[in-house]
Amino acid sequence: MTSLAHFENIAAALDLPSEPVIDGRLLPSLTGRTFANVTPRNGTVINHVEECGAADIDAAVSAARRAFEDGRWRNLHYREKKRILFALADLMERDAETLAVLESLDVGKPIKEALNVDLPQAVRTLRYYAEALDKVYGEVGPETSDRFSFSVHEPLGVVGAIVPWNFPLHMAMWKVAPALAMGNSVVLKPAEQSPMTALKLGQLALEAGVPPGLLNVVPGFGHTAGKALALHMDVDMIAFTGSGAVGRLLMQYSGESNLKRVSLELGGKSPQIIFADCPDLKEAALHAAWGIFYNQGEVCTAASRLLVQEEIADAFIDELIKVARDIVPGDPLEPATNFGAMVSAEQMQTALRYIESAASDGAALRLGGKRVREESGGFYVEPTVFDNVAPSAALAREEVFGPVLAVITFKEPDEAIRLANDTVYGLAAGLWTRDISLAHRAAREIRAGLVWVNGWDACDITMPFGGFKQSGFGRDRSLHALHKYADLKSVSITLR
Ligand code: NAD
């Protein structure tokens, strides 16, 4: 079994990436500034990362534009594009431990998850789109004797990808892989909390033979680098995952600049409904607990509202607490840890504020509620469960993005469906029942982009991912995501 010492040795020997990748080169930023990169594991600064500003963004967009226009990638034979993207996937596997350690240090994620979930998922995503890139067909229009018409999917040009810190490499790959597969160039701006795996990805892409300028990586802050990218007149699309507040700004920036396309994967307040005829209470409790506590609750699809039918509520909550008691915050680099640190002091304070407000709103604290491992200097919050949460309370309505669960009870199925929809969000929902008719009706009536019956997060790259309502629009994953990075062109040839 690999040990803490093994991963600490990898971390100590690492040359932590810090420079932007622009036009195939690693260079200091044009701002002349760097920013401190803090690990939530123990609150220390692990390196200083080059801080890109508007001039760096401009250089990256220009490089991406040149690479797009001269056809070095989009006109490459599809077999060659595929070979290069597969080579990148192989290099990611070769460096899996390095990438996992970088991710774990940057965001406090357990190394076990970084290595066994994030990395394989990112690699699978890349291979899926590499496999798919020569299976995108156009259409032939209705026949007439004097005209031949067809439509083709054409790449958009320069795609700006702005991603969050909760699954840094995996979320980046959800954008980068389909965008490149469709023949676009990409400028990737990682979150300031988690730049390292994106920078390493940019380096590996060059090693794999992705032509210079095709994948540029620009670390920096949202209100400077991110804003400059989203306002840039030569960016054709912004593909975004992050908060609703920034999503709103991106639409505004699009309107103020060149009406670039925007796709938004935003937050959620996803309900998990346990009906009284739940087929397996123990299994459902396991999913309810991990549905909220996975990745320290920093998951856009976190099952943060648990709706339980009254007659089984006591038994179910007891079962849930039994599972949650065994989820104990630990050192992210320790291989046995399954619950790590929150990404930053700010995110930890946000979770602690919601815990305080839930208590003063009259909810009953059933588990957790405190910061722990303070002596480590890191940012750890216990898995926390509140019962008797009023549907109008902040904890039932606002996204915490931390390990805090709101339990609400209901009497009738229709009430559960109404409560499930009583939110501005619509990302995901889960429901547990033996009744196929109820499952089907509820799945159709709940306004969410993803609905799981008798399971949580039970699908993969093959199925579209994205939200209804204020959880955003546009889909990641599946073949639908390829089309997001393309425009349809109709060509009609008059036959003379
Ligand atoms: P955030 O919106 O603050 O930041 C996301 C990215 O946007 C970062 O790269 C940041 O630098 C950038 N950014 C910030 N201000 C910007 C600006 N003015 N212009 C351009 N870019 C800017 O979100 P976060 O704190 O990193 O992530 C948490 C949020 O992301 C949560 O709300 C969560 O639900 C959501 N999220 C959604 C999904 C999904 O697929 N739906 C997945 C993960 C996270």
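The largest pocket has a lining of 46 residues, and those nearest its centre are Phe240, Gly242, Ser243, Gly244 and Val246. The structure is a predicted model, and this pocket is a handy place to start looking around. The space inside the largest pocket comes to about 960 Å³. As a general point, empty space of this kind shows up when a probe the size of a water molecule is rolled over the atoms.

Where does the lining come from? Several helices and strands each supply at least two residues to the largest pocket: helix H8 (222-231), strand S10 (237-241), helix H9 (244-256), strand S11 (261-265), helix H12 (345-360) and strand S23 (472-473). Of the contributions to this lining, the largest share is that of H9, with nine residues.

Next comes a small piece of sheet. Strands S5, S6 and S24 make up an open, antiparallel sheet of three strands, in the order S5-S6-S24. Strand S5 (139-140) and strand S24 (486-494) are the edge strands, each pairing on one side only. In general, strands of a sheet are held in pairs by backbone hydrogen bonds, running either parallel or antiparallel. S5 and S6 run antiparallel and are joined by two bridges. On the S6 side, Phe150 is the bridge partner of Val140.

Val140 also turns up on the surface, where it joins Phe148, Ile493 and Leu495 in a nonpolar patch of about 350 Å². Phe148, for its part, sits in strand S6 (residues 147-155). With a relative accessible area of 36%, Phe148 counts as partly exposed, because its value falls between the 20% limit for buried and the 50% limit for exposed. A patch residue needs over 30% relative accessible area, so Phe148 at 36% clears that cut-off.

Finally, two residues catch the eye for their backbone angles. Most residues other than glycine have a negative phi. Asp23, however, has a positive phi, near 55 degrees, and is not a glycine. Asp23 belongs to the loop that links strand S1 (21-22) and strand S2 (25-26). Its side of the story on exposure is simple: Asp23 is partly exposed, at a relative accessible area of 22%.

Lys469 is the other case, with a positive phi of about 50 degrees despite not being a glycine. Lys469 is located in strand S22 (residues 468-469). Lys469 is partly exposed as well, with a relative accessible area of 36%.

Terms used:
Residues numbered from 1 in each chain as written. Predicted model: local features only at pLDDT ≥ 70, side-chain atom pairs only at ≥ 80, totals over all residues. Heavy atoms only, no water. Patch = residues over 30% accessible without salt bridge, like charges linked within 9 Å, V, L, I, M, F, W, Y side chains within 5 Å. Areas by Shrake-Rupley, 256 points an atom, 1.4 Å probe, with all protein chains shown as cover. Salt bridge = Lys/Arg side-chain N within 4 Å of Asp/Glu carboxyl O. Helix = DSSP H or I, 4+ residues; strand = E, 2+ residues; numbered from the N terminus. Buried < 20%, exposed > 50% of the residue type's maximum accessible area, 1.4 Å probe, protein only. Pairing = 2+ DSSP bridges. 1 Å grid on protein atoms, 1.4 Å probe; cavity = no way out; pocket = protein on both sides within 12 Å on 5 of 7 lines; lining within 4 Å. Points joined across faces, edges and corners; volume = space filled by probe spheres on them.
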